[in-house]
Every structure is written in C-alpha cells, then in structure tokens.
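Here is a friendly briefing to read alongside the model. Keep the structure open in your viewer and follow the topics in turn.

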Amino acid sequence: MKVLVTGGAGYIGSHTVLALLQQDHQVVVFDNLCNASEVPLARIEAMTGKHIEFFRGDIRDVAALDAVFGAHQFDAVIHFAALKAVGESTQKPLAYYQTNVHGSVCLLEAMQRHQVTDFIFSSSATVYGELAIVPYLESMPLGSPSSPYGATKVMVERIMADYAAANPEFRGVSLRYFNPIGAHESGNLGEDPKGIPNNLLPYLAQVAVGRRTHLSVFGGDYPTQDGTCLRDYLHVMDLAEGHTAALNWLADHPQQRGIEAFNLGTGQGVSVLDIIAAFEQASGVPVPYEIAPRRAGDLAAFWANADKASTMLGWQAKRNLTQMMHDTWRWQSQNPSGYSEE
Ligand code: NAD
Ligand code: UFG
C-alpha cells in the first residue's frame, strides 16, 4: 500500500515509517519539522535501503496538501502531526486548537477532495477524561480531559464520527495510545525532544547521560502502592506495529465503514519508582532523583484494557519493561545529544 504519514519525522511517526517499510508499504512523509528533523528519515533509508519521499509542509496549508495528494494516489493516511505538550497547551490553547483540530480538518478535507477514505488517527488515553474508571475500555464514553491538548483529541474523534456519519465511504481508526517509551532496538531512532523534556523517560535518560542533574518525581503521596503515579508504558515499536496492524485490518475488511477506536497499551500499571529501578537495572547507571510536589493535571493511575486490539487487530504489546529500558539507554547513550549532531 502507499501511505501518507503526517508527522512522520517525529518520535512515533519515524518508528512507524520504519515498521511500514519493513512490511513493504510505500511511504510518503509530510511534516513541517516544527518538532523534528530529517535525520531520522535518512537513518531509516540507510537501515532499510528504501526511499522515503519527503514533503516539508504544514497540514494547515491546503495548497501543500493538494500538491502531495495530487502527486500520489494514497491507499491510506496515518495522521501523527500535532502539537503534544500538555502543559504548553494550557499556555497556548489557540495554537493547539489551530494545529490539532483545524489541521486535522484540513487533512480530512484534502482526503475528501482526492477520494482517499482510510484514515488512522493518533489519539490518546487522555480522551477518557478524569472521571473514567480503570482499566480504560473503548466502550466508555469520551470524557472531558483537563488540558486543551486532551480536548483536541476528543474533538478530532468527534469530527471523525460526524464525518463518518455524513460520508459513508469513510473508514477511520482512532488509536488511543497509553504511554509510549523506548526506542528502536538498533539505537538509531529514538525520542529527541527539543528543550527540557516534559515526559518521564526522556528526562530520566538525559539525567543518566549527564545532561541534567537529577529527576524530580512529581508526587510521592498518591494512593498507589509506593505513592507515585501508575501509567501503562508500552514500547514505541509495539506502538508502531499497532499502526501496521490497523492498516492491514482495514485492507482485510473492505466492508468496514465508519470509525473504530482501539486502546494500544500493555494492560499493566507501572509506577514512577518502578521505572527508575528498571532503568537503573538495565543500564547499570544510577539515576539521582528527589520527590517533588505533584504536577498539576496528573491522574494517580490509569492503564488500558487492550483486549479489543488483540481480538480484532491481532495486536498485542510484545516487548517488556526491561527491553523498553535497554532500548531507551542504547538510544540515549549512542546519541547523547539526540539527532542534533548531524
Ligand atoms: P512528535 O512531536 O515527535 O511528532 C509530531 C510530528 O508532527 C513532528 O515531527 C512535528 O514536526 C510534526 N508537526 C507538528 N505540527 C505540524 C503541522 N502543523 N504540520 C505538519 N507537521 C507537523 O510527537 P509524537 O510523540 O511522535 O506524537 C505523535 C502523535 O501521537 C501526536 O498526534 C501526539 O499527540 C500523539 N500522542 C503522543 C503520545 C506520546 O506520549 N508521545 C501519547 C498519545 C498521543
Ligand atoms: N513524571 C515525573 N517526572 C518528570 C516527568 C514525569 O515524575 O520529570 C511522572 C508524571 O508525574 C507521571 C509519569 O511520570 O506520573 C508519566 O508522565 P509523562 O509526562 O511521561 O506522561 P503522562 O502520563 O503525563 O502523559 C502521557 C502523554 C500525553 C497524554 C497523557 C494521557 O505524554 O500525551 O499521557 O494519555 F495526554
């Protein structure tokens, strides 16, 4: 299949591009590089010996979208491009609605103009909102996430539902990611956030490599076994393979219409202190940390029920916490400054 991947130079997008090429799909990447560079794409080409066509463009730029859709007949679109920092979204809500919601509408309109029906969307566990009971199940209603970022994911899922109701040809899949971490097992691809990392694993890995002095553990008094938050961490290559599974499921089900949502997680809640211990064991490097005040907006504990993805897509997370930590450390120690040296 020929697949358009928006945001394909980013963290999850680049790993998914590799998984797609490994399954002999053709890939065109569309990315404005606001949070990425072309280096991972060059590395993927070197790893696979396959060409990736790259368009530098913004998903809100209708002419740029028409150019890429005009140049290729796509079988499907995988839509990663978005702004994703939860905290920043409370400071710059309009930028988040502009890119994540308006940008997604521009993309769906371009698909409609060019008669492309198959759409896989990067959603998030945050769509279940603050009141949902764990483990999260796809049959639960969309909630009210506290951040504008989370609200954009709920809105795009609603837009997909409304569009599907009006356009009987549309085939949408919403993949609700839990906490993707880790890196490709080669150490060639990984997460390279700009500035101070917001997320746990990139911050922890930068402490381990000596770029930061210590990790602040946000909250030690949650109602969990060790007082720190529980999350459902999954390996980014498992997540990438969730996208190829969804793409293949659409292709294998030509009668499928409308939208379908799938949780992509392991089904296990792991604490922040568990993560630190697992990382230290895998890397052999001590990680200095201190318990800091809670971070606004954090939920104590959530994890997935991932049975639907297993039953319908034949997808299950295969890689364990030890492998996630080994691969995080391989990436960070081989690329202490991320992709910026090239
Ligand atoms: P990322 O920032 O590494 O990747 C996003 C990519 O989109 C970047 O390459 C960026 O340059 C590009 N982009 C942003 N705005 C664009 C625009 N207007 N036009 C074109 N390209 C644009 O982030 P990621 O972690 O790989 O996340 C990918 C997707 O998964 C996002 O939609 C994110 O919201 C979602 N998601 C991520 C997580 C996570 O923990 N990383 C969890 C749940 C959902
Ligand atoms: N944490 C720390 N110290 C840090 C960073 C994080 O203790 O320096 C803790 C957080 O408090 C939380 C856990 O580590 O308990 C995980 O935090 P992340 O920021 O890595 O991930 P979140 O669970 O907050 O956010 C993720 C995604 C979002 C998504 C959200 C809900 O990054 O995109 O899950 O699905 F919206």
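In this predicted model, ligand 1 is surrounded by 26 residues, and those that come nearest are Ile12, Asp31, Asn35, Phe80 and Tyr149. A second shell, of 20 residues, surrounds ligand 2. The points below take you through both ligands, then the cavities, and finally two spots in the backbone.

**Ligand 1: contacts and cover**

- Two side chains are good places to begin: an N or O atom in the side chain of Tyr149 is 2.7 Å from an oxygen atom of ligand 1, and for an N or O atom in the side chain of Lys84 the distance to an oxygen atom of the ligand is 2.8 Å.
- The backbone takes part too, with a polar backbone atom of Tyr11 lying 2.8 Å from an oxygen atom of ligand 1.
- On its own, ligand 1 has 820 Å² of accessible area, and the protein covers 95% of it.

**Ligand 1: who makes up the shell**

- Helix 1 (11–22), strand 5 (118–124) and helix 6 each contribute at least two residues to the shell around ligand 1.
- Of the elements, strand 5 gives the most to this shell, with 3 residues.
- Sorted by class, the shell around ligand 1 holds 13 nonpolar, 9 polar and 4 charged residues.

**Ligand 2: contacts and cover**

- If you would like to find ligand 2 quickly, look for Ser216, Phe218, Arg231, Arg295 and Asp298, the closest of its surrounding residues.
- Ser216 also offers a backbone N or O atom, which sits 2.8 Å from a nitrogen atom of ligand 2.
- Leu200 places a backbone N or O atom 2.9 Å from an oxygen atom of ligand 2.
- The side chain of Asn199 has an N or O atom at 3.0 Å from an oxygen atom of the ligand.
- Taken alone, ligand 2 exposes 690 Å², and 89% of that is buried by the protein.

**Ligand 2: who makes up the shell**

- Why is ligand 2 described as lying between domain 1 and domain 2? Domain 1 (2–181 + 233–265) and domain 2 (200–229 + 268–309 + 321–341) both give residues to its shell, so ligand 2 lies between them.
- Strand 8 (residues 215–218) supplies the largest share of this shell, with 4 residues.
- The shell around ligand 2 divides by class into 11 nonpolar, 6 polar and 3 charged residues.

**The largest cavity**

- How many cavities of 30 Å³ or more does a search of the whole structure find? The search finds 2.
- The largest cavity has a volume of about 80 Å³.
- Its lining consists of Tyr11, Ile181, Gly182, Ala183, Gly190, Glu191, Leu201, Pro202, Ala205, Thr328, Trp331 and Gln332.
- Tyr11 therefore appears in two settings, as a residue lining the largest cavity and as one with a polar backbone atom 2.8 Å from an oxygen atom of ligand 1.- Helix 7 (200–208) and helix 11 (321–334) each supply at least two residues of the lining of the largest cavity.
- By class, the lining of the largest cavity has 7 nonpolar, 4 polar and 1 charged residue.

**The second largest cavity**

- The second largest cavity has a volume of about 30 Å³.
- Lining the second largest cavity are His79, Ala81, Ala82, Asn100, Ser104, Phe121, Thr152, Lys153 and Val156.
- Helix 5 (93–113) and helix 6 (148–166) each provide at least two residues of this lining, and helix 6 gives the most, with 3 residues.
- The lining of the second largest cavity is made up of 4 nonpolar, 4 polar and 1 charged residue.

**Two backbone spots to check**

- Most residues other than glycine have a negative phi, and most peptide bonds are trans.
- The peptide bond from Val134 to Pro135 is cis, with omega near -5 degrees; Pro135 is found in the loop between strand 5 and helix 6.
- Asp24 has a positive phi, near 65 degrees, in a residue other than glycine, and its place is in the loop between helix 1 and strand 2 (26–31).

Notes
Residues are numbered from 1 along each chain as its sequence is written. Chains are lettered from A and ligands numbered from 1 in the order in which they are written. This is a predicted model: local features need pLDDT of at least 70, side-chain atom pairs count only at pLDDT 80 or more; totals for chains, interfaces and linings use all residues. Side-chain values use heavy atoms; hydrogens and water are left out. A residue is near a molecule or strand if one of its heavy atoms lies within 4 Å of it. A polar contact is a pair of N or O atoms within 3.5 Å; within protein, one must be able to donate a hydrogen and the other to accept it, and residues adjacent in sequence count only if both atoms are side-chain atoms. Accessible areas come from the Shrake-Rupley method with a 1.4 Å probe; for residues, only the protein chains shown count as cover. Ala, Val, Leu, Ile, Met, Phe, Trp, Tyr, Cys and Pro count as nonpolar, Asp, Glu, Lys and Arg as charged, and the others, Gly among them, as polar. Domain bounds come from an automatic or database domain assignment. On a 1 Å grid over the protein atoms alone, a cavity is a set of points where a 1.4 Å probe fits but cannot get out, and a pocket is an open set with protein on both sides within 12 Å along at least five of seven lines; lining residues have an atom within 4 Å of a point. Grid points are joined across faces, edges and corners, and a volume is the space filled by probe spheres set on the points.
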